[in-house]
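Colleague: Hi, I'm new to this one. Could you walk me through it?
Modeller: Happy to. Let's look at it together.

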Amino acid sequence: MYGFVKTPVLMSFEINWQDLGDDEAVNNSIKSFLNSHLQSILLPSYVSSLQVTDFCLGGTPPKITLREISDPLDEFYNHIANEELPKGERSENDNSTCQPTDGGERDLQSEVQDESDLQFLVEIDYKGDMRIGVSAELALNYPSPSFMSLPVKLSITDLGIHALCLVAYISNQLFISFLCDVADPILDARESLIDLGSSAILGKKSLERISLIRSIKIDSEIGEQNNVEGSVLRSVGKLEQFLLEVFRTILKKEAAWPSWINLDFNDDPSGDETSDAD
Amino acid sequence: TDRKFSQINTILEKTYYNVETHSPESLDWFNVLIGQTIQQFREEALQKDNIVHSLNSFIARKSGELPHYLDTIKITELDIGEDFPILSNCRIQYSPNSNKQRLEAKIDIDLSDRLALGIETKLLVNYPKPFTAALPIQLTVSIVRFQACLTVSLTTAEEFVPTSDNETSYSSENGGYFLMFSFSPEYRMEFDVKSLIGARSKLQDIPKIGSLIESQIKRWFVERCVEPRFQFIKLPSLWPRSKNTREEKTENDDISMK
């Protein structure tokens with residue numbers, strides 16, 4: 001069991017977690033973020049619904065250590081340049097309103113570039129007590145398809161991540177992107193990730209990279225009378241596996257390079273819009 | 001306009017100055033006087049702690065105007081230097097693009113000194129909630145070298161416009177003479193930026209931080225006093241007046257005052 005951090009650990013940021021871990025608004029906004037992504041997932045035949053019922057950040061903060069400070073990567077500027085035209089809309093979904101420009105991307109990019117833009121490479125070490133509660137409807141397809149439907153409660157705990165993450169600040173927008181696990185062999189060969197334009201290297205070999213989630217525990221709870229039924233347990237095991245994949249995918253698709261979480265503080269002071277880079 | 005041209009030529013003739021052939025002058029005498037003035041300023045500020053204190057309380061008063069991502073700023077060091085600027089190679093020329101209707105002095109300026117300001121603050125992360133995280137920052141910024149070519153002239157206001165709109169007193173100040181000065185864009189300003197960033201784990205002297213600070217200072221400087229911008233300062237009247245008259249203290253005066 002992990003308590004509050006008392007041991008002297010190397011970290012750069014002083015984190016005020018007491019206020020954050022219990023904050024209902026924060027927990028709820030993460031919950032609805034997760035739910036909106038669960039909705040877009042194609043469910044397997046043995047699951048009929050999937051929903052995050054509660055989310056709690058817990059009492060243990062991540063340890064965050066600053067590793068490098070540099071200029072932001074070009075990709076972030078490209079993203080901003082593309083967004084500039086139809087404000088807030090992704091250009092590839094919206095080709096009709098996308099104005100053709102003679103100047104092209106580069107000009108727009110240098111227009112938004114500013115000396116005060118900043119990018120941090122940070123090491124995030126998380127082994128906290130975050131809890132995610134998920135409810136699902138398990139469809140029993142044995143002995144016949146949709147033979148029975150069972151409500152299942154799952155609880156996800158013991159999430160462990162020790163990864164490198166880029167945090168870039170450009171003209172009132174924040175970009176957060178997980179790069180790789182700190183033990184990823186990709187780090188062995190190079191002094192600085194940022195210098196080598198990590199984009200190309202990390203982006204192409206994403207499949208060979210070590211998973212960003214080091215540990216995760218999923219417990220399930222179903223109606224007691226079914227505990228002895230082997231086929232039910234098998235399906236729950238499959239459901240646990242499936243959920244695990246779902247969470248790995250959300251992290252990879254939404255927050256891991258070449259995708260990122262983009263917080264735009266320009267239009268909305270609360271700024272909880274998120275989008276990925278595709 | 002022809003009148004102005006001939007006026008300037010008369011001045012040059014009668015002051016025995018030929019802009020084509022006159023050799024550059026040293027400004028040694030001026031350096032001494034400037035040095036004295038600076039020395040006096042430093043003596044007044046000799047108790048550096050006093051400046052640090054007054055600067056700190058000034059910052060404290062202004063803390064509401066700081067950007068939301070900065071914690072309170074504390075000044076930890078202030079070095080007002082111990083050297084003096086050296087001016088040299090002074091020559092008079094026609095102002096470029098003035099059609100020979102304005103004269104200006106070009107002066108080389110060189111300063112090797114250490115003018116330093118040390119501060120301590122925290123970068124605040126206000127997402128998802130205010131003060132979610134803080135990154136301690138210690139910075140010492142010093143200017144160690146400044147070299148430039150300075151242009152100085154005396155002029156009236158009519159040919160120039162202020163760069164900011166809120167210059168309300170501008171029209172009322174139209175009369176009289178102005179001292180105008182500017183630095184050529186090929187100036188050299190060398191910095192020494194020391195940074196220490198982080199709480200228990202610290203990053204030291206990151207080049208990006210140095211260049212960030214440098215560019216902010218240079219931007220401030222360029223926007224104010226690098227060509228084509230220049231500082232335009234109204235000169236006081238030099239007509240002798242009784243309220244400006246003084247004489248040296250004598251022993252007797254001191255006693256009679258008491």
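**A pocket, a helix and a chain**

Modeller: One thing up front: this is a predicted model. A good place to start is the lining of the second largest pocket, where α1, β2 (86-94), β3 (103-125) and β4 (133-155) of chain B each supply at least two residues.

Colleague: Nice. Which element gives the most to that lining?

Modeller: That is α1(B), with six residues.

Colleague: And what volume does the second largest pocket have?

Modeller: About 620 Å³. There are 24 lining residues, and the closest to the pocket's centre are Ile8(B), Gln101(B), Arg102(B), Leu103(B) and Leu154(B).

Colleague: How many of the lining residues are nonpolar, polar or charged?

Modeller: The lining of the second largest pocket has 10 nonpolar residues, seven polar and seven charged.

Colleague: Back to that helix. How many residues does α1 of chain B have?

Modeller: Helix α1 of chain B has 13, covering residues 2-14. From first C-alpha to last, the helix reaches 18 Å, close to the 18 Å expected.

Colleague: What comes just after α1(B)?

Modeller: Look at Tyr16(B) there: its phi is positive, at about 55°.

Colleague: Switching to chain A, how many helices and strands are there?

Modeller: Chain A has six helices and nine strands. It holds 278 residues, and 46% of them are buried.

Colleague: What about its contacts?

Modeller: Taking contacts in chain A between residues at least 6 apart in sequence, 74% link residues at least 24 apart.

Colleague: And how much area does chain A expose?

Modeller: About 14600 Å², with 51% of that supplied by carbon and sulfur atoms.

Notes:
Residues are numbered from 1 along each chain as its sequence is written. Chains are lettered from A and ligands numbered from 1 in the order in which they are written. This is a predicted model: local features need pLDDT of at least 70, side-chain atom pairs count only at pLDDT 80 or more; totals for chains, interfaces and linings use all residues. Side-chain values use heavy atoms; hydrogens and water are left out. Helices (H or I, at least four residues) and strands (E, at least two) are DSSP runs, numbered from the N terminus. The expected span of a helix is 1.5 Å times one less than its number of residues. On a 1 Å grid over the protein atoms alone, a cavity is a set of points where a 1.4 Å probe fits but cannot get out, and a pocket is an open set with protein on both sides within 12 Å along at least five of seven lines; lining residues have an atom within 4 Å of a point. Grid points are joined across faces, edges and corners, and a volume is the space filled by probe spheres set on the points. Ala, Val, Leu, Ile, Met, Phe, Trp, Tyr, Cys and Pro count as nonpolar, Asp, Glu, Lys and Arg as charged, and the others, Gly among them, as polar. Buried means under 20% relative accessible area, exposed over 50%, partly exposed in between (1.4 Å probe, protein chains only). Contact means heavy atoms within 4.5 Å. Accessible areas come from the Shrake-Rupley method with a 1.4 Å probe; for residues, only the protein chains shown count as cover.
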